Amino acid sequence: LELDKVVMEFEIGSFGRRKRVRAVDNVSLSIDKGLIYGLVGESGSGKSTLGRITLRLYKPVAGKVVFDGQDITGLSERRLRPLRRRMQLIPQDPYGAVNPVQTIGEALSEPLIVHYGLKQHEAIEQVKSMLESVGLTPAEDFVNRRPFNLSGGQLQRAVIARAMLLKPEYIVADEPTSNLDASIRASIIKLLLDFKKKYNQSLLFITHDIVLLSLIADRIGVMYLAQLVEEGPSGEVISNPLHPYTRALLSAIPLVSQELGFEKIFLKGEIGDPANPPTGCRLHPRCPYASEKCAKEEPPFIQVGGGRKVKCWLYERG
Ligand code: SF4
Ligand code: MG
């Protein structure tokens, strides 16, 4: 999956006072087959929008989206349909992801009927066996239940089951556990990782939890106010964060910052307004290293070797 200089804008505000907000600004990245790309950043940094662009649920206003070698940026919904089963979204809120009046059996068999032309009874057989493999047993019982009769964790398992029934090659998991109790988060993540391994899927895992990414991701990308500011192999990004924003994210986690050898830094103030981002480097009002140049000129995304990139003037000359 490849993004090349992708831009996404939305109109916000009420009538007469409408404003264009750039939710994703000039982002390029690629996710190799069978790997996990972890995308981290605060809420409002554009992570979810970026994830939806990779699935072509949004059409970017500029830039290119390539899936399995095919440019899908401008494809119509009709031309996208055969690709839809190959790329699936696991959203944050499982209750918003299912039709509340359908039974779990109906909700999970429908995509099989639509995408694979299965008959109802054939689809239900596959649904039951998938429910077993995600731990919703007895499946016989779960197929007849409706979403509000399931706990959040059970329903997220059902939503994962629905996606996996289609045997997708690429998954976007958008904070798949952030609405769930801490006690069941690990089991949901393990479930996703087991499927990923079984089907050699590529995964874009979106979270604000950089420690989780250090455990599961092959590469990490860090977003701040609609831009990708750092990217690299996950072990290196965690043990030697280059961008001041990444360093601040890790400094805020006591155990991690004690163990690692970098200087802790803390940012001033709050994340800026995406509708009215700061000039120059977007972090400059908060960054302890900011210089005059940082306030005026936007830094490029600088390649620093070892497959790492960082959008910060400090690395201009290595
Ligand atoms: Fe800080 Fe300047 Fe680097 Fe931005 S470019 S992160 S303000 S040092
Ligand atoms: Mg989000």
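Tyrosine 289 touches Pro244, Glu263, Ile265 and Leu314 when residues up to four places away in sequence are left aside. In this predicted model, tyrosine 289 lies in the loop between helix H12 (254-259) and helix H13 (292-296), and with a relative accessibility of 31% it counts as partly exposed. Tyrosine 289 is separated from tryptophan 313 by 24 residues in sequence, and the C-alpha atoms of the two are 9.8 Å apart in space. Trp313 is in turn one of the residues that come nearest to ligand 1, together with Cys281, Cys287, Cys294 and Cys312, out of 13 residues around that ligand. The shell around ligand 1 consists, by class, of 11 nonpolar and 2 polar residues, with no charged residues.

Pro244, which tyrosine 289 touches, belongs to helix H11 (residues 244-251), a helix in which 8 of the 8 residues are buried, so that H11 is largely enclosed by the rest of the structure. The buried residues of H11 are Pro244, Tyr245, Thr246, Arg247, Ala248, Leu249, Leu250 and Ser251, a list that includes Arg247 as well as Thr246 and Ser251.

Threonine 49 offers another buried position, in this case in helix H1 (residues 47-54). Its relative accessible area is 12%, and threonine 49 is therefore buried, the cut-off being under 20%. Not counting residues up to four places away in sequence, threonine 49 touches Met8, Phe10, Ala23, Val24 and Tyr58.

Helix packing can be followed through helix H7 (residues 152-165), whose axis comes within 10 Å of the axis of helix H5 (residues 120-133), the two crossing at roughly 125°. H5 is therefore oblique to H7, and H5 passes H7 in a right-handed crossing. The residues that make this contact are Gln126, Val127 and Met130 on the H5 side and Ala161, Met164 and Leu165 on the H7 side; by class, the contact has 5 nonpolar residues, 1 polar residue and no charged residues.

H7 also packs with helix H8 (residues 182-199), at an angle of about 10° and with the axes 11 Å apart, which means that H7 is roughly parallel to H8. Here Gly153, Gln156, Arg157, Ile160 and Met164 of H7 meet Ile184, Ser187, Ile188, Leu191, Leu192 and Phe195 of H8, and the residues of this contact divide into 7 nonpolar, 3 polar and 1 charged. Met164 of H7 takes part in the contact with H5 and also in the contact with H8.

The backbone has some local features that deserve a careful look. Most residues other than glycine have a negative phi, and most peptide bonds are trans. The peptide bond from threonine 137 to proline 138, however, is cis, with omega near -5°, and proline 138 is found in the loop between H5 and helix H6 (139-142). Two residues with positive phi are set out below.

| Residue | Phi | Place | Relative accessibility |
|---|---|---|---|
| Lysine 167 | near 50° | loop between H7 and strand S7 (170-174) | 46% |
| Alanine 226 | about 75° | loop between strand S9 (219-224) and strand S10 (227-233) | 3% |

Neither lysine 167 nor alanine 226 is a glycine. At its relative accessibility of 46%, lysine 167 counts as partly exposed, whereas alanine 226, with a relative accessible area of 3%, is buried.

How values were computed
Residues are numbered from 1 along each chain as its sequence is written. Chains are lettered from A and ligands numbered from 1 in the order in which they are written. This is a predicted model: local features need pLDDT of at least 70, side-chain atom pairs count only at pLDDT 80 or more; totals for chains, interfaces and linings use all residues. Side-chain values use heavy atoms; hydrogens and water are left out. Axes are lines fitted to C-alpha atoms, for helices over the stretch in contact, and angles run from 0 to 180 degrees between N-to-C directions. Helices (H or I, at least four residues) and strands (E, at least two) are DSSP runs, numbered from the N terminus. Angles under 35 degrees count as roughly parallel, over 145 as roughly antiparallel, 65 to 115 as roughly perpendicular and the rest as oblique. A crossing is left-handed if the near helix is turned anticlockwise from the far one by less than a right angle, and right-handed if clockwise. Contact means heavy atoms within 4.5 Å. Ala, Val, Leu, Ile, Met, Phe, Trp, Tyr, Cys and Pro count as nonpolar, Asp, Glu, Lys and Arg as charged, and the others, Gly among them, as polar. A residue is near a molecule or strand if one of its heavy atoms lies within 4 Å of it. Buried means under 20% relative accessible area, exposed over 50%, partly exposed in between (1.4 Å probe, protein chains only).
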